[in-house]
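Colleague: I have just opened this entry and would like a short introduction. Could we go through the structure together?

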Amino acid sequence: MTTTTTSSPTTTIIIGAVFAAILVIVIILAIRRREIVFEGEVIDKNIVENVNQPPMNNGGNLNNGGINMITNGGIQHEYYIKVKTSTNKKIKYKISSGMYEIIKIGDMVSKPKGTTDITITSSAANTTSSPNVTSPPPSPPTTPPISPPTVPPNTPPTVVS
């Protein structure tokens, strides 16, 4: 005996409303992130590591009412900078991994309205200073000149058998 379950129109409406609400929240958060404006000095950098583990049942596949979602788990990194603004306010701001590699602590950055990108307005002083050179660099080692092999004149070649 098999039984089939069908979802009622009310259930479908509720699921649709929840999906729409989540979509609206995501859009609002994206718009709010674009509205943030600041300028200041990078005082800290941080990487947050999130470990996503797949469910232990069904071999990593999660089956919800006919929808098959494959979850692989893994590690996800989020990159943040902490900026001390010109008004002495500290802001933690999420950035891309590429921008994380470029920005240094001490850099002056700004985030204009209408974008999510950080702009470096002035770079921090180079932390790797070159040594003061007071004497000329040492000369490379010299090798003795190579002379060709000497063969006595009028010597017949020897045949090796």
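Modeller: Certainly. Helices here are DSSP runs of H or I with at least four residues, strands are runs of E with at least two, and both are numbered from the N terminus. Please note that this is a predicted model.

Colleague: How many helices and strands does the protein have?

Modeller: There are two helices and seven strands. Their succession, starting at the N terminus, is α-β-β-β-β-β-α-β-β.

Colleague: In which order do the strands of the open sheet stand?

Modeller: Five strands form the open sheet, in the order β5-β4-β1-β6-β7, and their pairing is antiparallel. β5 (90-95) and β7 (119-122) each have a single partner strand, so each of these edge strands has one side without a neighbour in the sheet. On average, neighbouring strands of this sheet are turned by 45 degrees against each other, direction ignored.

Colleague: And what holds paired strands together, in general?

Modeller: Pairing in a sheet goes through backbone hydrogen bonds, in either a parallel or an antiparallel manner.

Colleague: How many bridges join β1 and β6?

Modeller: Four bridges link strand β1 (residues 38-52) to strand β6 (residues 108-111), in the antiparallel sense. As for single residues, Glu 39 has Ser 110 of β6 as its bridge partner.

Colleague: Changing topic: which residues make the nonpolar surface patch?

Modeller: Ile 14, Val 18, Ile 22 and Val 26 make this patch, which covers about 360 Å². Ile 14 belongs to helix α1 (residues 9-35).

Colleague: What share of the residues is buried?

Modeller: Of the 161 residues in the protein, 14% are buried. The exposed area of the protein is about 13400 Å², with 60% supplied by carbon and sulfur atoms.

Technical notes:
Residues are numbered from 1 along each chain as its sequence is written. This is a predicted model: local features need pLDDT of at least 70, side-chain atom pairs count only at pLDDT 80 or more; totals for chains, interfaces and linings use all residues. Side-chain values use heavy atoms; hydrogens and water are left out. Patches are made of residues with over 30% relative accessible area and no salt bridge: like charges are joined within 9 Å, nonpolar side chains (Val, Leu, Ile, Met, Phe, Trp, Tyr) within 5 Å. Accessible areas come from the Shrake-Rupley method with a 1.4 Å probe; for residues, only the protein chains shown count as cover. A salt bridge is a side-chain nitrogen of Lys or Arg within 4 Å of a carboxyl oxygen of Asp or Glu. Buried means under 20% relative accessible area, exposed over 50%, partly exposed in between (1.4 Å probe, protein chains only). Two strands pair if DSSP finds at least two bridges between them. Axes are lines fitted to C-alpha atoms, for helices over the stretch in contact, and angles run from 0 to 180 degrees between N-to-C directions.
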